[in-house]
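Here is a friendly tour of one protein model, moving from its empty spaces to its ligand and its rings. Have your viewer ready.

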Amino acid sequence: MARARERVLSGMRPTGKLHLGNYLGALDNWVRMQDAYDCFYFVANWHALTDDHDTAAVPGDTIEMLADWLGAGLDPERSTLFVQSLVPEHAELHLLFSMITPVGWLERVPTYKERIEQQGITSPSYGLLGYPLLQSADILMYKPRWVPVGIDQVPHVELTREVARRFNHVFGEVFPEPDAKLTEIPKVPGTDGRKMSKSYDNAIYLSDPPEAIVRKVKPMVTDPARKRRADPGTPEVCPVFDLHKIFTPEAERRACAEGCRTAGIGCLDCKDVLLRHLGPRLDGIRERRQKYAEKPDRIVELLHEGSRRAQRVARATMDEVRAAVRLTP
Ligand code: TRP
Ligand code: SF4
């Protein structure tokens, strides 16, 4: 008999349409992991409430994000794709964890302090403080071996391991400790040269039609030393070249670098080469995601199906948890 595949769990907040940075930083990796692992991927919609209490956009954002997941190649037959709020067991586990977690552990989580400072939050909610603990419940519920995340989320996985240890110590062995699987994230600059981000308005989206991609790449920021066509440049400091490193095969990339340093080519020539490789890479994703986006009902159905599957696992875990906590006569 084939050995059971190791389990992987990860989640994303429902931010709507995904951009190249989201794709290269997480989604592409999720897709590839499907070949070797038993994958659980979910929409962290309760976590969205820590950002904004106006939920009007959340259902639509969930559907757009799912269209991108599916367009990029997540396969609902092979992976369990689900929604956090459709598996309310997460909330029960979070509550039990909250009883054994010192407030100090949560106050020390770097993302908590960062968000308070960056967003100027004067009166942080109980839920914001508990965010990483809810994430621990999201994770441990499925007893995954691996949690693929970016470097910013590693403290949350560390906390999760501590919570698992403490639970096992207090109530008895239920949770194995998962490990973060660091996604190697290439530098993905936006069109203005800063990190690609929805809030900077510098992003190329997986849903962008070919014309939009051309329209965004043509005026993209380059090495500021190349003011005129005859000025030589330095590819190492150019955001366009960062994208070449991701999308352009080596031989052509080298030719661009050489042409840049000797002023043999202009920036528009260089961007044309990039577009020739970036375009086709996005075509397949966009076409597939559009087909799904036109059938939002199918996406909703598929999320309910996945959530039922996830809930079966969650119920089995909660049976063990309740037996370990021993509250009910
Ligand atoms: N905190 C994660 C983020 O902001 C999202 C998330 C919630 C998550 N629960 C998770 C990621 C569980 C991995 C595992 O990106
Ligand atoms: Fe950047 Fe290419 Fe222009 Fe050089 S030629 S500055 S690498 S866009």
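The largest cavity has a volume of about 110 Å³, and it is the one cavity of 30 Å³ or more that the structure holds. A cavity here is a set of points on a 1 Å grid over the protein atoms alone where a 1.4 Å probe fits but cannot get out, and lining residues have an atom within 4 Å of a point. Points are joined across faces, edges and corners, and the volume is the space filled by probe spheres set on them.

This is a predicted model, where local features need pLDDT of at least 70 and side-chain atom pairs count only at pLDDT 80 or more, while totals for chains, interfaces and linings use all residues. Residues are numbered from 1 along each chain as its sequence is written, chains are lettered from A and ligands numbered from 1 in the order in which they are written, and side-chain values use heavy atoms, with hydrogens and water left out.

Back at the cavity, 13 residues form the lining, and Cys238, Val240, Cys260, Cys267 and Cys270 lie nearest its centre. Helices H10 (239-247), H11 (250-261) and H12 (267-293) each give two or more residues to this lining. Helices (H or I, at least four residues) and strands (E, at least two) are DSSP runs numbered from the N terminus.

Next comes an open space. The second largest pocket has a volume of about 250 Å³; a pocket is an open set with protein on both sides within 12 Å along at least five of seven lines. Helices H4 (89-98), H5 (103-107) and H7 (126-140) each give two or more residues to its lining, and H7 provides the largest share, 5 residues. Among the lining residues are His94, Met99, Tyr126 and Leu133.

H7 turns up again at the ligand. In all, 14 residues surround ligand 1, with Phe42, Tyr131, Gln135, Asp138 and Gln153 the closest; a residue counts if one of its heavy atoms lies within 4 Å. The largest share of this shell, 4 residues, comes from H7. Three side chains make polar contacts (N or O atoms within 3.5 Å) with nitrogen of the ligand:

| Side chain | Distance to a nitrogen atom of ligand 1 |
|---|---|
| Tyr131 | 2.9 Å |
| Gln135 | 2.9 Å |
| Gln153 | 3.0 Å |

Taken alone, ligand 1 exposes 370 Å², and the protein buries 90% of that (Shrake-Rupley areas with a 1.4 Å probe). Strands S1 (7-12) and S4 (146-149), together with H7, give two or more residues each to the shell.

Finally, the rings: the count comes to 10 aromatic pairs. Rings of Phe, Tyr and Trp (its six-membered ring) pair if their centres lie within 6.5 Å; planes under 30 degrees apart are stacked, over 60 edge-to-face and the rest tilted. Trp30 and Tyr41 are stacked, at 4.4 Å centre to centre and 0° between the planes. This pair links helix H1 (residues 20-33), home of Trp30, with strand S2 (residues 38-43), home of Tyr41, across 11 residues.

Terms used
A polar contact is a pair of N or O atoms within 3.5 Å; within protein, one must be able to donate a hydrogen and the other to accept it, and residues adjacent in sequence count only if both atoms are side-chain atoms.
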